[in-house]
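Q: I would like to learn how to read the main features of a protein model, step by step. Could we begin with the sheet and then move on to what lies against it?

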Amino acid sequence: MSSVRVALPAHLRSLAGIGSEVVVEVAGAPTIGSLLDALEAAHPALAGTIRAHAAGPRRAYMRYHACGEDLSFAPDDAPLPEAVARGEAPFTVIGAIAGG
């Protein structure tokens, strides 16, 4: 089991009723998908906000970052960076902004 830190944008923190970071326990190999599954299980209000309901694809304006890398287009079964899996660095979800 891995304790993974997740940083969320303000609107999702308000929705879930949490602070700037939350620690999520991820069973098995810590991947992007298993982390998001654990996050949604711990905070059901987030289901369908970061990715489509029922573990669907990432929502178009949501981005994932960790350890200076953009992980937005990585597959759900991609392993988390080691520093994230060890709880040393956060997995950050960012709500992208569109417009001109």
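A: Two strands are said to pair if DSSP finds at least two bridges between them. In this predicted model, strand β1, residues 2-7, is joined to β2 in the antiparallel sense over six bridges, and within these strands R5 stands opposite V23 of β2.

Q: In what order do the five strands of the open sheet come?

A: The order is β2-β1-β5-β3-β4, and the pairing in this open sheet is mixed. The edges are taken by β2 (21-26) and β4 (69-70), and because each has a single partner strand, one side of each is left without a neighbour in the sheet.

Q: Which strands does helix α2 lie across?

A: Helix α2, made of residues 32-42, lies across β1, β2, β3 (62-66) and β5 (91-95), and runs at about 110° to β2.

Q: How should I read a nonpolar core, and which element gives the most to the largest one?

A: The general idea is that in soluble globular proteins nonpolar side chains tend to be buried together. Here the largest nonpolar core has 27 residues, of which L8, L39, I50 and F91 touch the most other members. Several elements supply at least two residues each, among them β1, α1 (10-16) and α3 (82-85), while α2 gives the most, with five residues. Leaving aside neighbours within four places in sequence, L39 is in contact with V6, L8, V22, V24, L46 and I50.

Q: Is E40 buried or exposed?

A: A residue counts as buried when its relative accessible area is under 20%. E40, which lies in helix α2, has 14% relative accessibility and therefore counts as buried. Not counting residues up to four places away in sequence, E40 touches L46, A47, G48 and R51.

How values were computed:
Residues are numbered from 1 along each chain as its sequence is written. This is a predicted model: local features need pLDDT of at least 70, side-chain atom pairs count only at pLDDT 80 or more; totals for chains, interfaces and linings use all residues. Side-chain values use heavy atoms; hydrogens and water are left out. Helices (H or I, at least four residues) and strands (E, at least two) are DSSP runs, numbered from the N terminus. Contact means heavy atoms within 4.5 Å. Axes are lines fitted to C-alpha atoms, for helices over the stretch in contact, and angles run from 0 to 180 degrees between N-to-C directions. Buried means under 20% relative accessible area, exposed over 50%, partly exposed in between (1.4 Å probe, protein chains only). A nonpolar core is a set of buried Ala, Val, Leu, Ile, Met, Phe, Trp, Tyr and Cys residues joined through side-chain atoms within 4.5 Å.
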